[in-house]
Amino acid sequence: PIKLIPTNAILCCACIFLNGSIIARYCKRLQKVVPTLYFMNATVDMTVGVGVALQTLTIIPLISKEYNISGYIAATCYILVGVSTRTSTFVNLLLCTVRAINIILPFRHISRFALITVTACYATSWVAMVAWDISWFEKQP
């Protein structure tokens with residue numbers, strides 16, 4: 001695992017930089033539905049990149065055992081990456097659905113507020129599920 005740390009660092013930096021450029025491109029056009037979905041997807045993907053970078057930084061002390069680092073920090077990073085990955089997949093599904101609706105019904109209005117609300121509820125439900133899962137495992141002997 002130690003040999004993969006430089007590769008992870010390079011990929012995380014590329015992920016953060018490229019998604020940052022997508023965010024900068026679409027942040028000016030958030031009044032429309034499709035740019036909002038691209039913006040949300042880039043934001044969530046950037047969160048994945050930051051989470052993997054934090055995982056890489058927290059795994060070094062855990063493996064080397066030179067520093068006393070809490071396992072909760074590493075677990076938080078894994079939770080961040082897991083929820084962000086699932087939310088990214090959901091936003092891509094929304095984007096495909098919106099594109100299909102735009103092709104079939106070109107003049108159909110799609111509510112941007114509804115898409116943002118559904119995405120927030122989806123991410124919140126995964127955070128709640130992970131929190132329940134962690135609390136359940138902590139109660140186990």
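Is C27 buried or partly exposed? That's a handy way into this structure, and the notes below start there.

1. C27 comes out as partly exposed, because its relative accessible area is 38%, and a residue has to be under 20% to count as buried. Keep in mind throughout that this is a predicted model.

2. Staying with cysteines for a moment: how many disulfides does the structure hold? The count is zero. Take C15, which is in no disulfide; the nearest cysteine sulfur belongs to C12 and sits 6.8 Å away. A pair of cysteine sulfurs would need to be within 2.5 Å to qualify. C15 is also partly exposed, because its relative accessibility is 23%.

3. Now the overall layout. The protein chain has four helices and zero strands, so if you walk along the sequence you read α-α-α-α. Of the 141 residues in the chain, 28% are buried. The chain exposes about 9600 Å², and carbon and sulfur atoms supply 72% of that area.

4. How do the contacts spread along the sequence? Take the contacts between residues at least 6 apart: 69% of them join residues at least 24 apart.

5. On to the inside. Which residues make up the largest nonpolar core? There are eleven of them: V33, V34, L37, M40, F90, V91, L94, L95, V98, I110 and L115. Helices α2 (33–64) and α3 (71–104) each bring at least two residues to this core, and α3 gives the most, with five.

6. V34 is a good core residue to click on. Setting aside neighbours within four places in sequence, V34 is in contact with L95, V98, R99 and N102. Two of those partners, L95 and V98, are listed in the largest nonpolar core along with V34.

7. The surface has a nonpolar feature too. V50, L54, L57, I60 and L80 form a nonpolar patch there, and together they have about 380 Å² of accessible area. Helix α2 provides the largest share of this patch, four residues.

8. Two patch members are worth a closer look. L54 lies in helix α2 and counts as partly exposed, because its relative accessibility is 37%. L57 is placed in α2 as well, but L57 is exposed, because its relative accessible area is 56% and the cut-off for exposed is over 50%. For a sense of its surroundings, L57 and A74 are 17 residues apart in sequence and 9.1 Å apart in space, C-alpha to C-alpha.

9. What about T56, buried or exposed? T56 has its place in helix α2, and it counts as buried, because its relative accessibility is 7%. Not counting residues up to four places away in sequence, T56 touches I5 and N8. So α2 holds a buried T56 as well as an exposed L57.

10. One more threonine to finish. T89 lies in helix α3 and counts as exposed, because its relative accessibility is 52%. T89 and D45 are 44 residues apart in sequence, with 9.7 Å between their C-alpha atoms in space.

Key: Residues are numbered from 1 along each chain as its sequence is written. This is a predicted model: local features need pLDDT of at least 70, side-chain atom pairs count only at pLDDT 80 or more; totals for chains, interfaces and linings use all residues. Side-chain values use heavy atoms; hydrogens and water are left out. A nonpolar core is a set of buried Ala, Val, Leu, Ile, Met, Phe, Trp, Tyr and Cys residues joined through side-chain atoms within 4.5 Å. Buried means under 20% relative accessible area, exposed over 50%, partly exposed in between (1.4 Å probe, protein chains only). Contact means heavy atoms within 4.5 Å. Patches are made of residues with over 30% relative accessible area and no salt bridge: like charges are joined within 9 Å, nonpolar side chains (Val, Leu, Ile, Met, Phe, Trp, Tyr) within 5 Å. Accessible areas come from the Shrake-Rupley method with a 1.4 Å probe; for residues, only the protein chains shown count as cover. A salt bridge is a side-chain nitrogen of Lys or Arg within 4 Å of a carboxyl oxygen of Asp or Glu.
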